[in-house]
Amino acid sequence: MLAFVGGGGQAAGMADRKENPYRPGFNQPPVVFAGRSDVLDGAAEALEIAAYDGRTPRPLILVGPRGVGKTATLGEIAELAAERHAWPTVHVEAKVAGRMLPELSARLRAADRLLSGEAPGERPRRPRVTGGKLEARAFGVGAELQIEAQDRRADDSLAGALTATMSTALRRRAGLVVTIDELHSAEPDEIAELFGTIQENVPTGWPLVVAVAALPTLRESRGRRRPPTYLERAEWHDLDTLPPDEAREALGGPAAQSGRPMSPEALELLLGHTGGYPYAIQVAGHFAWRASHGSRTIEARHARDAVPRIEADLAHLFRSRWDDASPKEQDYLRAMAAVDGKGEVPKGGSVAAELGVPVTSVSYLRARLLRKGTIYRQAGGALHFITPGMGAWIRSLEE
């Protein structure tokens, strides 16, 4: 009897529950995709050039701090290709240096089979269904194939795999999208080989659209081989914090669509804790939604109740980056935060002056932090924390 009543109560609670529309996590596309219209317009144009003009367009390169929606934007580009052209997308994450090209080649072979209408794993000694991820939609059919490279042969090189896949795409009057995330982690020689291969085949007129995402440190990449001009002349998009109107749309839109709109007071209060940072917007909306359970709207009181949870969540993000720094690197970060706190834009010289040392004596610390992705450098030498708000958090440690 008690079990029956408990079960009924649980069912009633589940019936009353509304799904939280905010998604503060990695690779979770937001309900309202705001502020990236320029990128999607560029992707739509690139797809049209490949599909209708018989040309290989310039690659799209998305650079920005962590948490600004680069990965989600790559996903939106894949959806665009599927919806408008029924083209498959091959996706790779360049997390491990030296592994990007083998993984990309394997996924291209799987895409070749998909375009050919073959079942995964049909041919012997081909990539088999086990690990990794290929996200593909072709000819109106959606598919996710898990693959692992087997029996690497000469024709399984990147050039061979890409040529074979594009030949199949041309025969089927289709095209292909390749998306690569975390490109800054790839070896310079891998980047040179990938884009050099594509550049060599531009005259062939492959219906191929390439979109990659990376931290701003991609611009700092150096290697024995100079990147091909195809990459240098790419269409670069800098993704950063959202301007106020788009931040309001990203924060208030999901709540309104889900039937629990935010009051103007709640919206402004929460925006003040996000700085337009897309990840922080999702965190703020998530905890405000949770605080407003049982209410028809999200009011200022719910937003105030959510603030401690929002700050704690973001502090955990800052703490992980802080703990990853050595004591000397932490000194450099403190100096950066101090310069930022004075209303100045931190640069190598001003940070060194804050530390009271010559620039040359701490340049190695700046280089380490750039490689780690804790900070990034813009044109003119301006230094920024990868995660917006970290400077203020560091200054709070001294209070």
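**Figure 1. Helices α2 and α3 cross in a right-handed sense in this predicted model.** Let's start with the pair formed by α2, which covers residues 37-52, and α3; their axes lie 10 Å apart and make an angle of about 40°. The two helices are therefore oblique to each other. On the α2 side, look for Val 39, Leu 40, Ala 43, Ala 44, Leu 47, Glu 48, Ala 51 and Tyr 52. Facing them from α3 are Thr 73, Glu 76, Ile 77, Leu 80, Ala 81, Arg 84 and His 85. Sorted by class, this contact has 10 nonpolar, 2 polar and 3 charged residues.

**Figure 2. Ala 86 has a positive phi in the loop between α3 and β2.** Most residues other than glycine have a negative phi, and this is the background for the view. For Ala 86, which is not a glycine, phi is near 60°. The strand at the other end of this loop, β2, spans residues 89-93.

**Figure 3. Arg 173 also has a positive phi, in the loop between α5 and β5.** Phi of Arg 173 is near 55°, again in a residue other than glycine. To find your way around, note that the loop leads to β5, residues 176-181.

**Figure 4. Helices α10 and α11 pack with a right-handed crossing.** Two packed helices are described by the angle between their axes and the distance between the axes. For α10 and α11, the angle is about 140° and the distance is 8 Å. The pair is therefore oblique. From α10, the contact draws on Tyr 279, Ala 280, Val 283, Ala 284, Phe 287, Ala 288, Arg 290 and Ala 291. From α11 come His 302, Asp 305, Ala 306, Arg 309, Ile 310, Asp 313, Leu 314 and Leu 317. The class count for this contact is 11 nonpolar, 1 polar and 4 charged residues.

**Figure 5. Tyr 279 of helix α10 and its contacts.** Leaving aside residues up to four places away in sequence, Tyr 279 touches Asp 313, Leu 314 and Leu 317, and also Pro 24, Gly 25 and Gly 67. Asp 313, Leu 314 and Leu 317 may look familiar, as they belong to the α11 side of the helix contact in the previous view. Pro 388 is worth finding as well: 109 residues separate Tyr 279 from Pro 388 in sequence, while their C-alpha atoms are 9.8 Å apart in space.

**Figure 6. Helices α9 and α11 pack with a right-handed crossing.** Here α11 meets α9, residues 264-271; the two axes come within 8 Å and cross at roughly 20°. That angle makes α9 roughly parallel to α11. The residues that α9 brings to the contact are Glu 265, Ala 266, Leu 269 and Leu 270. Their partners in α11 are Ala 300, Ala 303, Arg 304, Val 307 and Ile 310. By class, 7 residues in the contact are nonpolar, none is polar and 2 are charged. Ile 310 of α11 takes part here and is also among the residues that meet α10.

**Figure 7. The largest pocket holds about 630 Å³ of space.** Of its 32 lining residues, Gly 25, Gly 67, Val 68, Gly 69 and Lys 70 are the closest to the centre. Gly 25 and Gly 67 are also touched by Tyr 279. Three helices each give at least two residues to the lining: α3 (70-85), α10 (278-291) and α11 (300-323). The largest share, 4 residues, comes from α10. Taken by class, the lining has 17 nonpolar, 8 polar and 7 charged residues.

**Figure 8. The second largest cavity has a nonpolar lining.** Rolling a probe the size of a water molecule over the atoms shows where empty space is left. The structure holds 2 cavities of 30 Å³ or more, and the second largest has a volume of about 30 Å³. Leu 104, Leu 108, Leu 158, Leu 162, Val 178, Leu 194, Ile 198 and Leu 208 make up its lining. Helices α4 (100-116), α5 (158-171) and α6 (188-200) are the elements that give two or more of these residues. The lining counts 8 nonpolar residues, with no polar and no charged ones.

Key
Residues numbered from 1 in each chain as written. Predicted model: local features only at pLDDT ≥ 70, side-chain atom pairs only at ≥ 80, totals over all residues. Heavy atoms only, no water. 1 Å grid on protein atoms, 1.4 Å probe; cavity = no way out; pocket = protein on both sides within 12 Å on 5 of 7 lines; lining within 4 Å. Points joined across faces, edges and corners; volume = space filled by probe spheres on them. Nonpolar A, V, L, I, M, F, W, Y, C, P; charged D, E, K, R; others polar. Axes fitted to C-alpha atoms, helices over the stretch in contact; angles between N-to-C directions. Parallel < 35°, antiparallel > 145°, perpendicular 65-115°, else oblique. Left-handed = near helix turned anticlockwise from the far one by under 90°. Contact = heavy atoms within 4.5 Å.
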